[in-house]
Amino acid sequence: MADLKDIFECTQCGYCCQGETTVSLNQDDQKRMIEELGLGEDAVRAKYWRVSGNVVQMKIVDGHCIFYENGCTVHQGRPWRCAQWPLHPSMLSDKNNFKTIRESCPGINQDISYEEFCRILQELMEAEGTIHC
Ligand code: SF4
Ligand code: SF4
């Protein structure tokens with residue numbers, strides 16, 4: 001039986017929450033985050049989001065996502081792209097993408113072969129559907 005820990009175990013390094021942009025929030029993400037924070041939409045929008053046209057992202061503070069503080073402080077309400085990271089299904093068909101993501105995420109097993117990684121990820125996805133890390 002495949003085990004997520006065979007291919008990934010988050011080290012909480014925080015690298016994926018750093019940078020000058022964040023993932024975009026779709027409608028479901030926005031709703032989930034509002035519910036998790038227990039605030040009205042206007043308050044969440046003003047305090048936590050950077051809105052440009054139809055694009056909604058989280059604000060950046062001191063070079064990282066506003067919710068990052070020794071880990072994600074909005075874990076249950078985080079965007080689906082954050083929950084999916086770093087096990088993006090595109091890695092199954094793109095070895096270069098796998099290499100790029102593994103280089104940026106120390107939580108991915110650094111010793112496993114690409115073929116073995118794909119076999120386990122595929123098995124997990126078939127058993128669980130979307131994998132939330
Ligand atoms: S919502 Fe959480 S997981 Fe996503 S970038 Fe912000 S701190 Fe990181
Ligand atoms: S998902 Fe990867 S990059 Fe992000 S905190 Fe965990 S180990 Fe670090």
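Trp-49 faces Met-58 of strand β2, a pairing seen here in a predicted model. Strand β1, spanning residues 49-52, runs antiparallel to β2, and 4 bridges join the two. Together β1 and β2 make a hairpin with 2 residues between the strands. In that turn, Gly-53 has a positive phi of about 65 degrees.

Strand β2 (residues 55-58) is worth a second look, since its two faces differ in cover: Val-56 and Met-58 lie on the covered face, while Val-55 and Gln-57 lie on the uncovered one. In a regular strand, side chains alternate between the two faces of the sheet. Met-58 also turns up among the residues around ligand 1.

Now to the ligands. The shell around ligand 1 includes Cys-17, Cys-65, Cys-72 and Cys-82, along with Phe-67, Tyr-68 and Arg-78. Around ligand 2, the surrounding residues include Cys-10, Cys-13, Cys-16 and Cys-105, as well as Trp-85, Pro-86 and Pro-106. Here is how the two shells divide:

| Shell | Nonpolar | Polar | Charged |
|---|---|---|---|
| Ligand 1 | 8 residues | 1 residue | 1 residue |
| Ligand 2 | 8 residues | 4 residues | no residues |

Finally, the overall layout. The chain is divided into domain 1, made of residues 4-13 + 85-128, and domain 2, made of residues 18-77. Their C-alpha centres lie 26 Å apart.

Definitions and conventions. Residues numbered from 1 in each chain as written. Chains lettered and ligands numbered in written order. Predicted model: local features only at pLDDT ≥ 70, side-chain atom pairs only at ≥ 80, totals over all residues. Near = placed C-beta within 6 Å. Nonpolar A, V, L, I, M, F, W, Y, C, P; charged D, E, K, R; others polar. Domains from an automatic or database assignment. Buried ≥ 20, exposed ≤ 12 C-beta atoms within 10 Å, placed from the backbone. Pairing = 2+ DSSP bridges.
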